[in-house]
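Biologist: I'm new to this one. Could you walk me through how to read it?

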Amino acid sequence: MSATESNSAEPVIRCDGVYKIFGDNAKKMMQESNGMVDAAKFQEAGCIVGVNNASFEVYPGELLIIMGLSGSGKSTLLRCISRLTKATAGKIYIEGEDILSMNNKQLIQLRRSKMGMVFQSFALLPHKTVLENIAFPLQVKGVSTKESIKRASDMIELVSLSGRENYFPRELSGGQQQRVGIARSLAIEPDIWFLDEPFSALDPLIRKEMQDEFLRLQGVLSKTILFVTHDFDEALRLADRIAIMKDGIIEQLDTPANIVLNPATEYVRKFTEEVPREKVLKIESVMDAVDPSAAVAEQQVSKDAIIETVAEMILNSDKPVAVIDDAGKVVGAVHASKVINVLFGGRTEQAS
Amino acid sequence: MIELLRERKYLQFLLLIVVFLLMCMFIPATDGSWLWRLPPLFKQLPIAINNGVDYLMFDWWLVDVYDPDIEEYEKKPVMRQITRSISGFVLFLIELVREIMLGGVKTIVTFTGWDWATENQWARLPGLPWTVVAGGAMILGYRLSGIGLALFTGFAFGYIAVFGQWEPSMQTLSFVLIAAPIAILLGLMLGVWAFRSKTVETVMNPLLNIAQIVPHFSYLIPVMVFFGIGDHAGAIATIIFATPPMVRLTILGLKKVSPEVTEAGKMSGCTEWQLLRTVLIPTARRDILLGVNQVIMQCLAMVVIASLIGAKGLGNDLLIALNRLRIGLALEIGVCIVLIAIVLDRLSLAWANKQTDYFADQSFKERYKYSIWFSIVVAVGIAVAWVGSLFFKEGFNYLNIIPHNKGITTEPFWQAGVDWLWDTFFYTLKGFNEWFIVDVLIPVKNAYLGMPVIATFTLAMGIGYIVGGIRSALIVGMYLLFIALTEWWDRALITAYLMSMAVLISGFIGIVLGTLCAQHPTSTRILLTWCDTFQTFPSFIYLIPVMMLFGVTDTSVLIAIVVYATIPAARYTVVGLRSVPESLHDAGSMAGVNRVQRFLSIELPLSFPHIALGINQTVVFALSMVIIGALIGTDDLGQLILGSLSDRQGVGNGLVLGFCVAFIGLAIDQILRTWANQRKAALGLE
């Protein structure tokens, strides 16, 4: 899951000042407010602000996580972008096309060709078998039964559910049901993948397993992903970038490392306080410049490796370990002392 | 004192009852006194309705219609044209199905005309031998569900054939096979419409409420006026009666679909229609199927009632058998109806749950297995019928169609049973019957009739006020006022008396039975199975055995009502008690309660709102049965409705009487439902 942020590429999803306000006279209130939405004032008028001025971009192959507690508007934002609800104001572009101005037909076409979505409660069709559920988006699209069944069978293999084709959702465990949900959302081979708290309804152990599975899939498929969760650890573990939301406002949008190192607001800082930094920081952030004269160990680490995963190896080595980039070129060296500092040093500083 | 009264509801009730009794005692029964009886100001209402209907049918919006007989255009009212074409269409469908099963000439006549059909005697549908119909049904059962359903279907059709009820049964079946699908489709469409539009739902809700509680008979009269008499009229009345529960359950089911499932459908790229057809309706199928089930039950419940306006078949025969007190025959016919009900119910259920196997690599023979089997059955059936025609040279060909009432009959056995019962227990039964009528029913009836109208209003509105405040009091008052202003207040009191007696007894039996059975999972299951089974029987079936014992009296009607109306009371009690959360039982046990304490202090209070809803259902069941009771002779509103059926100007009377009955039910519904909802809210149950 290498971060493929490159501002040169065209963003897949672009939100520009998106608002979602619930209530009967939302439109009118919105017009009167001149772009300055005050949640308290709106509430008095019987409106609830779901999303308040969200602007961001998601680039091809990027995994953006929207993190927030319940009621923060994260799911609403996701639904605005998939247009399951219509944003009250603002612009949303999918691959350059304004989806708010699309008519129903165009929208259906877009969903049939480019979007897939996974739901918290799995949202499988209870009357269809595993196979039929996965084939459903294809059949809706008009793919022949034979072809759709074949493609669905491939998807079943992809999510390791072989042998359960003819089970009904009610006969599967939660983790298996969500595998079906994932397979269904991927059946049409979408470019954009929406996941709305996909693992929140699962037990902790299964959740971990599913996260690994998810990372494996993303490694193979490299979709552009919008992932909603309320679990900060999950966000840190999976995300290329994280958007932290509170009361409909995006408090901070940055890479996990930057959020932990430089929380933008007090609210974000509270989340990051307890986070062990070795779990988010990459080797890159603690490496020294290459010193050709110094001896290095035989082992090498990737500059994108999370410190925690390679700490033991570095600490066991009596010499600094060389750091390489994607191309295998040595770009620096990391000393055990730096790693020790991250592992144990930060605590006092944070506590003070 | 006032403070105390404000806080304590039971004191309010006490005061209310004292006031009520005082009124009853001191208001004299003088004609013309408004305190005693209100003047029948709505006397003109039925006449106005009649005139309105007449205008609609004969004078409203005349259009030019070409009449092929006189080869000229004629002015005809558009309403009549519309209802005529609907009638024609429905009748054609029914005749088509009927003639496939039994043979006949009408379908061909529809396309060619009588003259041609008379000239060409060969041109008639021959009708399938009964063996083919039964075999086909068995194959269908096997295909949809398996050997169990196939055997049951075979048994049911075998029974019908053997007992010589084949012809009326097929007539009934053809009628149901047309009415039920139309009602299901119509209900589904209306339900979806109401689901998608808030306005439609708001308009439809009160209409559904009234439609479900207006007695069956009342529908018949307007249907008769608009559509005439015959199978089509029966089918249309049935459709009108069977559609509301379907609409209700469709709305309920669609509302229960989780929003995420809907979103999943949308994100899969469904169009509106695909979403509805492949996501919403199948996901809501549990409730929708319940609706289908209800429709089938209602259709068969209407079989007898529809025969009053000319529907042929089992219903007609049953009615005649009942009127002639041929209990054995009535029983056999009743079993036929029940069997048809169960077969249709199981088949529709199995069809809805059918799955496709995508991996089976089938050969031609496998794929068309059932069609091949059916062809074989047709061939064999026809061959057997032909052989039969050689064999039974004289008289009837039993291998083709078993003629009506020429099968085996157990009637003498049942008749002997009835005779034996009468001979053995004559004095006991008669004694009980007389005692019950003279010492219980008549005094209660007189007490009801002796209530001054003002006292009744005070009592009903007072209860409404105590339970639900001024709003409930006014609603209840409006319902009663309508009844009081018609000329049938006394009749309504008789209906109320029969109904309330039955509800008291049913409620008591139901709650006691439910409570006892709720103590153990096994007995709970047994009771629920019994409830399901009994509910499958059309209501008038209950009249058969009680007539056996008590003849044509109020006792019979009352007992039939009690048996029928106990079902919901028992069911709701058992379900209510069993749905008390396990954790509360545990909490009780840990607090050291014994069984009785647990029942009184935990289970009963928590389940009481649910039980109250059961009593509400009991009221509805009892009311509908009181009216059906008119078939064996009562002197309440039901009898008048039945009477207006044979009256040319009966539409107005029938409808107003129907509304009277409905309003009794709705007034009670208003009070019980408000109270149950309050309790539920207070207990945090919903």
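Modeller: Sure, starting with a term: helices (H or I, at least four residues) and strands (E, at least two) are DSSP runs, numbered from the N terminus. Right after helix 3 of chain A comes Arg83(A), with a positive phi near 55°. This is a predicted model, where local features need pLDDT of at least 70 and side-chain atom pairs count only at pLDDT 80 or more, while totals for chains, interfaces and linings use all residues. Residues are numbered from 1 along each chain as its sequence is written, and chains are lettered from A and ligands numbered from 1 in the order in which they are written.

Biologist: Which residues of helix 3 of chain A are buried?

Modeller: A residue is buried if 20 or more other C-beta atoms, placed from the backbone, lie within 10 Å of its own (exposed if 12 or fewer, partly exposed in between). In helix 3 (residues 74-81) of chain A, eight of the eight residues are buried, so the helix is largely enclosed by the rest of the structure. Among them are Lys74(A), Arg79(A) and Cys80(A).

Biologist: At what angle do helix 7 and helix 8 of chain A pack?

Modeller: Two packed helices are described by the angle between their axes and the distance between the axes. Axes are lines fitted to C-alpha atoms, for helices over the stretch in contact, and angles run from 0 to 180 degrees between N-to-C directions. Here helix 7 (residues 174-186) and helix 8 (residues 204-221) of chain A pack at about 30°, with axes 10 Å apart. That makes helix 7 of chain A roughly parallel to helix 8 of chain A (under 35 degrees; over 145 is roughly antiparallel, 65 to 115 roughly perpendicular, the rest oblique).

Biologist: And which residues meet there?

Modeller: Contact means C-beta atoms, placed from the backbone, within 7 Å. Gly174(A), Gly175(A) and Gln178(A) of helix 7 of chain A meet Ile206(A), Glu209(A) and Met210(A) of helix 8 of chain A.

Biologist: How many residues does each chain bring to the contact between chains A and B?

Modeller: Chain B brings 17 residues and chain A brings 20. On the chain B side, helix 13 (259-267) and helix 14 (272-283) each supply at least two residues. Helix 13 of chain B gives the most, with six.

Biologist: What about chain B as a whole?

Modeller: Chain B has 29 helices and two strands. Its C-alpha trace spans about 90 × 65 × 65 Å along the principal axes, and buried residues make up 42% of the 686 residues in chain B.

Conventions
Two residues are in contact if their C-beta atoms, placed from the backbone, lie within 7 Å.
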